[in-house]
Amino acid sequence: MKYLTRKRLIAAGETTPIRLVNGAHAYEGRVEVYHGGRWGTVCDDGFDAEDAVVVCRMLGYISVHVTVHRGDVFGHSDRPEVISDLKCNGTEPDISACTNITYTERPCSPGNEVGVTCDTTPMRLVGGAGPWEGRVEIQNGGHWRGVCHDNLNQQTAEILCKMIGFPDKSVRHTRNTNTKDIRLQGGSHPLEGRVEVKVQGQWRTICDEHWDDLDATIVCRMLTEYPIDQNVTGIAYKSAFFGRGTGRVAMSRVNCNGSEVSLLTCPADMTGGVNCDHSRDAGVSCSVNNHAVLVGTSSTTGTVNIVQGTQWYSVCDHSWTLEDARVLCRSMGYWSSSPTVYVDAWFGQSNGTSLNIEPDCKGSELNLAFCRLKNEWGNQSCSHSDDAGVSCTPTALGFHTVRLSDGDAPGKGRLEVFYNGQWGSFCLDGWNQNNTDVVCSMLHYNSGGSFFQSQQGNTPVLVNSLGCFGNESDIGYCTADLNKASCKLKSVGVDCTNGIRARFVDSAHNFSGRVQVYKDGTWGEICSADLSDNEAKVLCSMMGFKQTTAHMISGPAHPTGSHGVVKVIDLQCDGWEEHVEQCTYISSGGCSRVGAHVQCFDCSGFFNTSTGNLTSAGYPMGYPRNDCLYVIAPPNNTDQIYKLVISDLDINSTGDSLEITEGVGGHPLALFTGHAPGSNVVAGKEFAVRFTSDTGSPSYRGFSLQWSRVYSRVITPRVSDQFVTYSNQLVYPESTKPFPLIIHGYRWRVDVNCDLDRFEHVTQHYKPTEAPLTQTTIHHQVGGTGHYDIMLQFFTDPQYFHEINGNPITANIGENIYVKVSLHNDDFGTKMRLDTCETKPEAVSAPQNTYIIIKNGHDHVTVNIASYVCRTEHKVHLQAKWSGIDELDLIVTCEYDNSSSVFCCFVDDAYFFLDGFCYLYW
């Protein structure tokens with residue numbers, strides 16, 4: 001074969017097009033030159049460091065330390081047009097100035113292409129999700145140093161990205177974005193959940209006021225990698241959809257426009273919002289516009305294909321692991337699977353591009369794109385002979401991963417599943433009877449149940465819907481849709497009891513006696529022949545006494561003898577069940593003895609006095625092995641709140657416990673194990689006290705407790721699962737020395753609503769003290785779950801910078817006063833807002849003499865003194881009181897007084913003059 005060679009003349013000032021390809025970074029790769037309308041390689045014949053210096057100089061690298069690579073280091077090229085026999089001395093600005101430059105139409109022999117690595121300033125990106133993002137650091141003097149962001153622009157950012165191997169990509173530069181300061185909690189996968197941001201070292205939630213999909217998308221972009229962050233979208237969730245957080249609320253009224261690089265740079269109210277608590281925690285679910293398809297022997301087995309729009313991609317099997325496959329299966333609805341990994345195009349080669357991303361999944365992600373990737377998505381490919389394959393085999397979640405919560409009886413309640421490390425509920429939308437049947441079967445109930453709408457409770461919503469056929473033994477074998485964008489009704493409640501319930505008859509306080517069951521619409525008896533303590537435990541569980549030391553006891557047969565209505569015959573249980581529908585029994589047949597008698601506790605007691613005390617058996621000289629229940633049901637417990645004080649608690653920390661609930665089978669109030677120093681208090685309307693000891697102990701004292709009514713002026717006591725709310729009134733007596741404000745001779749009063757966390761040890765003690773007043777700042781010290789410190793301040797500007805000093809406060813007619821009310825305490829759950837501001841001549845003035853300035857509450861309040869004309873200035877002072885129904889509201893009453901006995905005012909046409917006061921009709 002004959003090869004043609006020729007010389008080329010380069011005009012002065014003309015630059016030869018040149019590039020480096022197949023390198024991991026922009027500064028390295030196989031050398032290619034553009035000539036004759038095509039790119040060609042350079043053969044390594046005689047190519048040396050001086051030639052490489054010129055190549056690097058042409059590419060903008062000012063370096064003298066270069067590396068020449070030979071032998072297909074950066075791959076072989078079959079391009080026909082190449083340069084050979086290049087001779088440079090290292091000082092030339094362009095290879096066209098070198099001698100003996102020869103262009104040829106023959107390709108280099110395999111292994112003879114030349115590659116170059118140009119010397120660059122060492123640079124890296126740290127602190128990001130991967131090598132493509134992070135804080136810029138440059139090595140100088142052997143140390144890595146940060147780069148000042150002054151004058152750093154988009155063009156500079158693009159250059160920096162090219163230096164580390166990301167040319168021609170969408171580049172964003174930021175000034176202090178740290179994805180470690182934001183996280184999602186309570187979701188079914190890592191890119192879903194309640195939004196929390198770290199402020200001053202503490203994780204805080206975001207209020208859902210004005211929260212929308214634009215805000216959610218910014219969060220998702222912060223938490224995903226390039227270039228997925230350009231295609232990811234976020235769905236906003238409100239009303240603590242992913243469960244309630246703890247601590248403070250960091251932000252409210254977030255208003256992103258979609259172009260921000262961080263949620264923390266979006267406009268927002270950084271005070272947390274006065275009307276926000278954890279019932280309004282904002283949430284996010286992130287998604288990307290692709291889905292997986294398996295092409296092979298079935299819908300669960302085949303070559304992995306990713307469909308994005310109209311494009312189909314396969315995935316390289318490089319570093320393909322079980323965790324990667326598990327994520328792929330989850331994205332297809334197989335939320336509980338034991339996958340099998342296949343490589344080398346086991347199920348056949350796919351079409352289109354094969355993505356070489358080398359995922360490093362943890363196994364909990366929802367989409368491959370959300371895993372950490374070694375290679376940038378879409379940047380590298382491989383041969384289809386390396387296509388990855390997967391077989392998704394659904395697996396059981398297990399009996400202990402499903403429960404029915406907050407029901408009024410065992411076997412009935414809100415359906416919850418333990419998934420992604422937490423308990424969560426299901427959406428009701430799309431739920432069907434097939435799913436219900438599988439749930440009840442999974443919980444070992446004999447028949448399918450029914451479903452209903454339940455309250456969400458405090459747990460997140462984890463699953464949108466299930467796809468069960470009805471014959472599965474575990475919901476893990478069903479498919480699950482984790483995308484909850486269409487979820488409107490929450491949450492699913494399930495009843496597996498078949499309508500069967502139990503009760504004690506011939507029992508004074510429902511702790512023991514003859515048991516009847518309600519079945520098929522009527523009450524009936526249980527055949528007591530051959531019953532054991534295992535059956536006794538299950539019958540006690542049905543009546544709200546779980547895991548007791550129950551016993552079958554002797555008792556008289558049913559009054560009608562063998563002719564009574566028998567509902568359950570030959571009952572056989574193992575003792576772990578909570579309902580007879582999980583045991584075996586028959587409903588008809590012969591019975592030798594009718595009437596089953598059960599004792600649920602070793603000892604019990606019932607108290608209905610407003611005060612009293614209770615001690616463990618043998619106190620303080622030890623206690624025996626027993627399981628005891630005491631019910632304290634004071635009179636008038638619908639209108640009063642009672643406190644239970646555990647004055648002494650000294651029990652073995654292994655196997656012994658003291659549990660207190662709101663009545664029998666009610667909401668848990670406290671659980672104690674071991675020694676508890678000091679007095680511990682719980683509050684409620686009635687109490688069930690259960691003391692359990694596995695072995696007994698002569699060396700521990702036991703417990704001593706007392707109960708009494710909470711001394712307070714109870715107005716509207718309210719009890720919820722989490723809080724007891726009651727109202728008190730603090731009255732400050734008239735001071736022996738003049739208060740530094742006008743009080744018209746009446747007492748200073750503060751009305752308080754307190755939400756007491758029923759899970760915490762609290763001291764319900766209120767002691768009126770004189771209000772320490774400093775000019776216009778009023779501090780009310782209030783006891784309760786925390787220390788309440790109320791601060792009222794007044795300003796002349798809407799920025800709340802220029803405070804109004806003096807006492808009493810004076811303002812000119814027509815001036816604006818900006819009122820700021822703050823509450824400082826160590827109880828993160830407390831909220832307060834400015835609700836009302838009104839003018840009236842006396843605190844006891846009639847409503848028709850009251851002028852409302854503020855009503856229904858505002859975050860930042862502008863108080864405009866009425867636009868009427870008077871001869872004297874009006875002095876403004878405040879009376880503060882707490883009230884409210886669902887939250888702590890601070891009502892501020894702005895009163896007007898005059899400094900002169902001669903006083904008049906005009907408000908539209910409604911005014912009159914009396915005793916130096918202007919009574920305003922409005």
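Hi everyone, let's start with a cation over a ring: the charged end of Arg501 sits over the ring of Tyr518, 4.2 Å from its centre. By "over" I mean that NZ of Lys or CZ of Arg is within 6 Å of the ring centre and within 35 degrees of the ring normal. Arg19 does this with Trp39, its charged end again 4.2 Å from the ring centre.

A quick word on the source: this is a predicted model, where local features need pLDDT of at least 70, side-chain atom pairs count only at pLDDT 80 or more, and totals for chains, interfaces and linings use all residues. Residues are numbered from 1 along each chain as its sequence is written, and side-chain values use heavy atoms, with hydrogens and water left out.

Now the rings. Searching the whole structure gives 16 aromatic pairs, meaning rings of Phe, Tyr and Trp (its six-membered ring) with centres within 6.5 Å; planes under 30 degrees apart are stacked, over 60 edge-to-face, and the rest tilted. Take Trp335 and Tyr419: their centres are 5.1 Å apart and their planes at 45 degrees, so this pair is tilted. Trp335 lies in the loop between helix H4 (322-331) and strand S21 (340-342), while Tyr419 is in strand S27 (residues 412-419), 84 residues apart. Helices (H or I, at least four residues) and strands (E, at least two) are DSSP runs, numbered from the N terminus. Both Trp335 and Tyr419 are buried, that is, under 20% relative accessible area with a 1.4 Å probe, protein chains only.

Next, Phe691 and Phe703 have ring centres 5.3 Å apart and planes at 70 degrees, so they are edge-to-face. Phe691 is buried at 2% relative accessible area, and Phe703 is buried at 0%.

Finally, Tyr237, Phe241 and Phe242 form one aromatic cluster. Thanks, everyone!

Conventions. Buried < 20%, exposed > 50% of the residue type's maximum accessible area, 1.4 Å probe, protein only.
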